[in-house]
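Could you walk me through this structure, strand by strand, in plain language? I'd like to know what pairs with what, what is packed inside, and where the backbone does something unusual.

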Amino acid sequence: MQLPNSMSIIQRGDVDVLCIDNEHASAQIALFGAHILSYIPKSDNRERLWLSDNAIFDNKTPIRGGVPVCWPWFSDAHNQQRDDLPSHGFVRTQVWHLVEFQESEKGLRLHFSPQSCQGPGWPHLTQCVLTVDVGKSLRISLHTTNLDTASLPLNCALHTYFKVNDIATTQLLGVSGVYRDKTQNWQELVTPTPYQFTQETDRIHLSAIPQVTLVDEFETQITSSGHDSIVVWNPWIENSQKMQDMSDNGYRTMLCVETAVTQTKHLGAGEQMMITQEIK
Ligand SMILES: O=P(O)(O)OC[C@H]1O[C@@H](O)[C@H](O)[C@@H](O)[C@@H]1O
């Protein structure tokens, strides 16, 4: 396939990375996982995504940072009662194909599909496509079609790591309602106001919150659709120290705000669904 004018390819370790540079923004997308690593709009030249200094680019290990695509389950697959399955599904550790692109005055639209939509714990016939729009905003859509003859149980997430100046002075606006707290035995608790960070945070907010603002030195707008949850995660110091692909202080400059389906969508035969996260 001939590449669009605004795109070149580089190597990071063993991973092929698409570099996009158009009049609106620059971005980097690894083919391993169709994993967006960087997005910098030209309106302010500010990097929106966090990528670990110790991220591993070996075409095997999930990349720590950017936008991991979690599909067809979220987290440790406990919904399926199977401990042997990889956390966050199996497509973030596949090399994806760029199947199509369109260039327009709005920017570049890219469509990716994984090597295979079947994997361990997922015998179903499905199609999964990731569409990325690199323009004045970064728009990411994960589209699933059930090609099987029976209904199937789906969870998924766009697990975005946002770059923050200092987690101690970061706030989230727009999040309300109840959440399940993984750090407190999955207790259901009420979202605090103001929403700030002083310790390990691992929360599934159980509603389709459409708009979240990440307030740091600057403001980042996160718009979601098609989801049933927003997940908020910061591992804090002890977990950062334990993770091989994260520096000890890595937690200080990142916050995950994830657009997710965690409450299991039963997708009927022939049915489609899509989750979208837009970042400005
Ligand atoms: O280390 P992983 O598999 O990329 O997962 C990172 C985190 O992802 C978050 O979405 C989960 O809520 C956390 O529990 C998990 O630790």
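Start with Gln11 in this predicted model: its bridge partner in E2 is Asp16. That pair belongs to a set of six bridges joining E1 to E2, and the two strands run antiparallel. The hairpin between E1 and E2 has two residues between the strands, and in it Gly13 takes a positive phi near 60 degrees.

Carry on along the chain and you get to the pairing of strand E2 (residues 15-21) with strand E3 (residues 25-30), again antiparallel, with five bridges. If you want places to look, Leu18 has Ile29 as its bridge partner in E3, and Asp21 has Ser26. The hairpin that connects E2 to E3 does it through three residues.

Now put those pieces together. The strands form an open sheet of four, in the order E1-E2-E3-E4, with antiparallel pairing. Strand E1 (7-12) and strand E4 (35-41) are the edge strands, each pairing on one side only. From one strand to the next, the twist averages 20 degrees. As a reminder of what holds such an arrangement together, strands of a sheet pair through backbone hydrogen bonds, either parallel or antiparallel.

Further along the chain there is more pairing to trace, and E18 is a good place to pick it up. Strand E15 (residues 201-205) and E18 run antiparallel and are joined by five bridges, with His205 standing opposite Ile230 in E18. E18 also pairs with E19, antiparallel and again over five bridges. Here Ile230 turns up once more, this time opposite Thr259 in E19. So what surrounds strand E18 (residues 229-234)? Five of its six residues are buried, so the strand is largely enclosed by the rest of the structure.

E20 is another strand with partners worth following. Strand E9 (residues 138-146) pairs with strand E20 (residues 272-279) in the antiparallel sense, over eight bridges; Thr144 has Met273 as its bridge partner in E20. E17 (residues 219-225) is joined to E20 by four bridges, and these two run antiparallel as well. In that pairing, Thr223 is matched with Glu278 of E20.

What about the inside? The largest nonpolar core has 67 residues, and those touching the most other members are Ile36, Leu49, Cys156, Phe162 and Val257. Strand E19 (residues 254-267) gives the most to this core, with seven residues. Take Cys156 as an example of the packing: leaving out residues up to four places away in sequence, it touches Cys70, Trp71, Pro72, Phe74, Leu142, Ala260, Val261 and Ile275.

Two of those contacts of Cys156, Trp71 and Pro72, deserve a second look. The peptide bond joining Trp71 and Pro72 is cis, with omega about 0 degrees. Pro72 sits in the loop between strand E5 (69-70) and strand E6 (96-104). Where else does a cis bond turn up? There is one from Thr193 to Pro194, with omega near -5 degrees, and Pro194 is found in the loop between strand E14 (187-190) and E15.

The backbone has a couple of other quirks. Asn45 isn't a glycine, yet it has a positive phi of about 50 degrees. You'll find Asn45 in the loop between E4 and E5. Is Asn45 buried or exposed? It is exposed, because just 9 other C-beta atoms lie within 10 Å, against a cut-off of 12 or fewer for calling a residue exposed. Trp186 also has a positive phi, near 60 degrees, without being a glycine. Its place is in the loop between strand E13 (178-181) and E14, and Trp186 counts as exposed, with 10 other C-beta atoms within 10 Å.

Last stop, the ligand. Which residues are around it? They are Pro62, Ser75, Ser87, His88, His159, Lys182, Asp202, Val231, Trp233 and Glu258. By character, this shell divides into three nonpolar, four polar and three charged residues. Some of these connect back to strands you have already met: Asp202 falls in strand E15 (residues 201-205), Val231 and Trp233 fall in E18 (residues 229-234), and Glu258 falls in E19 (residues 254-267).

Conventions:
Residues are numbered from 1 along each chain as its sequence is written. This is a predicted model: local features need pLDDT of at least 70, side-chain atom pairs count only at pLDDT 80 or more; totals for chains, interfaces and linings use all residues. A residue is near a molecule or strand if its C-beta atom, placed from the backbone, lies within 6 Å of it. Ala, Val, Leu, Ile, Met, Phe, Trp, Tyr, Cys and Pro count as nonpolar, Asp, Glu, Lys and Arg as charged, and the others, Gly among them, as polar. Two strands pair if DSSP finds at least two bridges between them. Axes are lines fitted to C-alpha atoms, for helices over the stretch in contact, and angles run from 0 to 180 degrees between N-to-C directions. A nonpolar core is a set of buried Ala, Val, Leu, Ile, Met, Phe, Trp, Tyr and Cys residues joined through C-beta atoms within 7 Å. A residue is buried if 20 or more other C-beta atoms lie within 10 Å of its own, exposed if 12 or fewer, and partly exposed in between; C-beta atoms are placed from the backbone. Two residues are in contact if their C-beta atoms, placed from the backbone, lie within 7 Å.
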